[in-house]
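Biologist: Please take one part of this model, the strands and the side chains around them, and walk me through it closely. Keep the cut-offs in, since I like to know what each word stands for.

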Amino acid sequence: EVRHNLNSNLDDELDVDIEIDHQFLAANTGGFEEVVERWESKITQPQMFNLKPGDTQTTHLIITGPKGTSTNPNYAMAGTHTISVTLDPTLGGGYLGSNVEAESITKTIQVVVPSVLGGEITPVGVVSVPVADPTSIPLSLQNIGNDMTSYKLSATNIPEGWNVTWNGTTNLITDLSADVADFPATGAAHINQDIELLVTTNNTALQTVGEDYIILPIIVEDLATGVIISEYPLQIEVGALRNASLLPMTQNATLELQDTDVFRTIQVKNTGNSQTAFYVNFDTSDADGMIFALDSNPSFILAPDRTEVIRVAIQATSSAKADVNYTAIVLVTDASGTVNASATIVANLSKSETVMITGPTIVPVTPGKMAKVEFNVTNTGNLLQSVLITPSWGEMEENEEWTTDVSEIGMTLSINQTLAGQIVVNVPGLGGSQTLLDGAVYNLTLTVKDTSTPPKTLDTMVIQLRVGALFDLVAEGWPNVMEFSRQGTRTWDL
């Protein structure tokens with residue numbers, strides 16, 4: 001529209017040139033190429049001709065924002081666009097001759113682009129986390145908004161017993177520039193890659209099956225206002241933990257040789273987080289002499305936290321010894337070899353200290369001569385045995401005329417071993433306090449005792465020493481000295 005303040009209307013024309021100036025001021029930082037590269041402003045009719053005072057002619061200011069392409073995001077940078085439109089008139093000759101002056105006119109239009117919050121976690125796919133083993137998960141945050149923004153990250157819906165921390169990094173990201181702030185650069189200034197989540201499951205976290213993942217939401221919110229911007233569902237796959245515990249770890253069993261109904265039980269518990277098939281085996285390399293046999297299933301399947309009982313039958317063989325411990329190791333494994341749990345059963349025989357002494361029941365003796373008494377000692381028990389064999393005379397204990405060459409004999413016998421021994425008896429001669437009549441019997445007792453304190457009698461044997469007949473001629477009056485002369489003869493009476 002052509003306006004004037006002339007007293008009279010001059011019948012002359014004027015021309016108008018229209019120019020625009022487009023400036024941009026970012027709300028925070030960046031956006032230096034917004035006007036040059038991403039926005040366009042133009043006048044549809046930048047020149048008008050032959051205008052007279054009072055005429056009106058229309059033109060349009062067209063402002064075009066960013067056009068989305070593979071290299072140019074289709075959202076505008078937050079800030080203020082100031083567009084100045086200047087009309088510069090050119091007067092015709094009539095006006096100039098009348099000293100009419102024309103003034104340029106400038107109008108300003110502002111386009112305010114508000115801040116749009118945008119922020120998202122870059123997808124990382126499915127993350128595998130072992131049971132109870134701290135696992136680091138690197139994360140990155142992209143500012144996909146149109147303004148520099150500060151963020152707060154938080155993990156929610158954390159499963160009970162799990163521990164989720166930021167592993168020495170911070171969950172507060174300040175002043176992260178927008179992706180469009182440095183257009184046309186294609187760098188990573190709008191991405192924060194210094195985020196690290198540390199996830200530790202509890203000991204009883206179950207293994208995830210198929211795509212039934214644990215979802216750990218990561219919330220992205222505006223630090224200044226607390227407005228939630230986005231939520232990223234972090235998918236966590238809990239790995240398999242195969243393990244088992246055995247109770248009791250060690251137990252003992254004491255058997256008699258004839259026992260056939262001795263059993264021991266072991267409880268197997270699946271302490272892993274997945275259903276597992278377990279297999280039972282024995283290591284009996286230190287159990288020769290004792291039979292350990294499985295009296296329950298050799299394999300079974302247990303769900304997590306479930307139990308099964310192993311029953312082991314124990315029986316001694318004839319070669320078992322009471323002074324030996326027989327050890328069987330019960331092994332519980334899985335098919336993968338990950339599980340290798342064990343429990344120990346120690347079995348032994350109850351002690352049987354049985355020693356027998358055997359020998360002749362009658363030994364003939366002659367007065368005044370020594371007699372040899374032979375005997376055998378046999379260990380019929382089930383442990384190594386040290387013994388002492390002592391002779392004694394019973395009612396003749398205080399009679400010193402009957403003596404033996406030893407007061408005791410020591411022996412050490414292994415199981416089922418027999419050792420021979422002998423004792424020499426000094427038989428008194430005739431004429432002493434003993435009558436020693438032909439056929440008289442004197443008892444020699446042999447006692448077998450162990451070496452404990454006090455000693456324990458294991459066996460005794462009584463041997464009859466039977467006196468045999470003895471003819472003894474005695475000459476009385478026999479001179480001690482008899483003198484002879486050469487070729488002489490002497491006689492004497494007895």
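Modeller: Strand 28 (residues 385-392) and strand 30 (residues 409-413) pair in the antiparallel sense, with 5 bridges between them. A strand here is a DSSP run of E with at least two residues, numbered from the N terminus, and two strands pair if DSSP finds at least two bridges between them. This is a predicted model, where local features need pLDDT of at least 70 and side-chain atom pairs count only at pLDDT 80 or more, while totals for chains, interfaces and linings use all residues. Residues are numbered from 1 along each chain as its sequence is written, and side-chain values use heavy atoms, with hydrogens and water left out.

Back to the pair: Ile389 has Ile409 of strand 30 as its bridge partner. Ile409 also belongs to the covered face of strand 30, together with Met411 and Leu413, whereas Gly410 and Thr412 make up the uncovered face. In a regular strand the side chains alternate between the two faces of the sheet. Moving on from strand 30, the loop between it and strand 31 (418-426) holds Asn416. Asn416 isn't glycine, yet its phi is positive, near 65 degrees. With a relative accessibility of 59%, Asn416 counts as exposed; the scale is buried under 20% relative accessible area, exposed over 50% and partly exposed in between, using a 1.4 Å probe and protein chains only. Asn50 is another non-glycine residue with positive phi, near 60 degrees. Asn50 sits in strand 3 (residues 47-51), and its 48% relative accessibility makes it partly exposed.

Now for an open sheet: its 4 strands come in the order 16-18-22-20, with antiparallel pairing. Strand 16 (244-247) and strand 20 (290-294) are at the edges with a single partner strand each, so each has one side without a neighbour in the sheet. Neighbouring strands in this sheet are turned against each other by 25 degrees on average, direction ignored; the axes are lines fitted to C-alpha atoms, and angles run from 0 to 180 degrees between N-to-C directions. Strand 20 is joined to strand 22 (residues 307-316) by 5 bridges, and the two run antiparallel. In that pairing, Ala293 stands opposite Ala313 of strand 22.

At the other edge, Leu247 and Pro248 are joined by a cis peptide bond with omega about -10 degrees. Pro248 lies in the loop between strand 16 and strand 17 (250-255). Thr453 and Pro454 also have a cis peptide bond between them, with omega about -10 degrees, and Pro454 is in the loop between strand 32 (441-450) and strand 33 (457-467).

The loop between strand 18 (262-270) and strand 19 is home to Asn273. Asn273 is buried, at a relative accessible area of 2%. Its side chain reaches the backbone oxygen of Ala205 at 3.0 Å. Leaving out residues up to four places away in sequence, Asn273 touches Ala205 and others, including Val131, Val238, Leu241 and Pro304, where contact means heavy atoms within 4.5 Å.

What about the rings? The count comes to 3 aromatic pairs. Rings of Phe, Tyr and Trp (its six-membered ring) pair if their centres lie within 6.5 Å; planes under 30 degrees apart are stacked, over 60 edge-to-face and the rest tilted. Phe278 and Phe300 are a tilted pair, 6.1 Å centre to centre with 40 degrees between the planes. Phe278 is in strand 19 (residues 276-286) and Phe300 in strand 21 (residues 299-302), 22 residues apart, and the pair links distant parts of the chain. Phe278 is buried at 0% relative accessible area, and Phe300 is buried at 9%. Trp393 and Trp402 are tilted as well, at 5.5 Å centre to centre and 50 degrees between the planes. Trp393 counts as buried at 7%, as does Trp402 at 2%. Together with Tyr442, Trp393 and Trp402 form one aromatic cluster.

Finally, charges over rings: NZ of Lys or CZ of Arg must be within 6 Å of the ring centre and within 35 degrees of the ring normal. Arg311 has its charged end over the ring of Phe263, 3.6 Å from the centre. Arg38 has its charged end over the ring of Phe183, 5.5 Å from the centre.

Key. A polar contact is a pair of N or O atoms within 3.5 Å; within protein, one must be able to donate a hydrogen and the other to accept it, and residues adjacent in sequence count only if both atoms are side-chain atoms.
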